[in-house]
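Colleague: Could you take me through one part of this model, going carefully and keeping to what has been computed from the atoms? I would like a close look at a single helix and at the surfaces and spaces that it helps to form.

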Amino acid sequence: MNSRELTKCAMCTALCCVAAYIAFPLPFTPGMVTASTLALSLTAYILTPKQTFAVIAVYTLVGAAGLPVFAGGSAGLGKLFGPTGGFIFGWMVAYPILSAVKGSEINFKRYAVANILTAVPITYLGGVISMCLVMDITPIQALTPAVFPFIPGDIMKALAAAYLGVRLNSEFRRRRL
């Protein structure tokens, strides 16, 4: 990677860390609503799949090492292997795939549809799996705390990220960054 690509990766990692602090709890689920998925979507839109994976891996390792970069300023292996840790592991699969399927054309509709049909469901799958394993509940029971309350917000965040991704990528192309 050249210095511009490394800078983009570093900025995306920092954005993911900061976005986790924009969070609020829901009383009926161990999960929190955060801006993390918006930051991860932007990362996927402006980076390649390998770079996107690297950003998420660094973010996860930093949090696992104890720096408070997970939702609401949490950190540690306990968070990764707790009821909501599957969301983080799901991101490692979801957002590189989003980066791959976004296409080379800068297009709001394509970005939004790709996010809603790939990254969001894969993230939910990770959350459902971790809640089933940690909370000893069935997949159907896990849908209420892991999926249903988050659907409207995740669709709105996907739309916002698609809009911002189009604007950023257009500017990057214009400036040849």
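Modeller: Helices here are DSSP runs of H or I with at least four residues, numbered from the N terminus, and by that numbering Y163 is found in helix α8. The model is a predicted one, and the helix to follow through it is α8, which covers residues 151–175.

On the outside, F108, F148, I151, I155, L159, Y163 and L164 make a nonpolar surface patch of about 600 Å², and helix α8 gives the most to this patch, with five residues. Y163, one of the residues of the patch, has a relative accessible area of 45% and is therefore partly exposed, since that class lies between the limit of 20% for buried and the limit of 50% for exposed.

Helix α8 also takes part in the lining of an open space, the largest pocket, whose volume is about 170 Å³. The residues that line this pocket are K8, Y45, I46, K102, G103, S104, I106, Y111, N169, F172, R173 and L177. Two elements, α2 (36–46) and α8, give two or more residues to that lining, and the largest share, three residues, comes from α8.

Turning to the enclosed spaces, a search of the whole structure finds two cavities of 30 Å³ or more, and the largest cavity has a volume of about 310 Å³. Of the 23 residues that line the largest cavity, M32, T34, T37, F87 and W91 are the closest to its centre. Helix α8 is again among the contributors, as β2 (32–34), α5 (85–101), α6 (108–135) and α8 each supply at least two residues of this lining.

For a contrast with the partly exposed Y163, consider T60, which has its place in helix α3, residues 49–64. T60 counts as buried because its relative accessibility is 5%, and buried means under 20%. Leaving aside neighbours within four places in sequence, T60 is in contact with F70, L80, I88 and M92. One of these partners, I88, is 28 residues from T60 along the chain, yet the C-alpha atoms of the two are separated by 7.4 Å.

Taken together, helix α8 gives five residues to the nonpolar patch, three residues to the lining of the largest pocket, and at least two residues to the lining of the largest cavity.

Terms used
Residues numbered from 1 in each chain as written. Predicted model: local features only at pLDDT ≥ 70, side-chain atom pairs only at ≥ 80, totals over all residues. Heavy atoms only, no water. Patch = residues over 30% accessible without salt bridge, like charges linked within 9 Å, V, L, I, M, F, W, Y side chains within 5 Å. Areas by Shrake-Rupley, 256 points an atom, 1.4 Å probe, with all protein chains shown as cover. Salt bridge = Lys/Arg side-chain N within 4 Å of Asp/Glu carboxyl O. Buried < 20%, exposed > 50% of the residue type's maximum accessible area, 1.4 Å probe, protein only. Contact = heavy atoms within 4.5 Å. 1 Å grid on protein atoms, 1.4 Å probe; cavity = no way out; pocket = protein on both sides within 12 Å on 5 of 7 lines; lining within 4 Å. Points joined across faces, edges and corners; volume = space filled by probe spheres on them.
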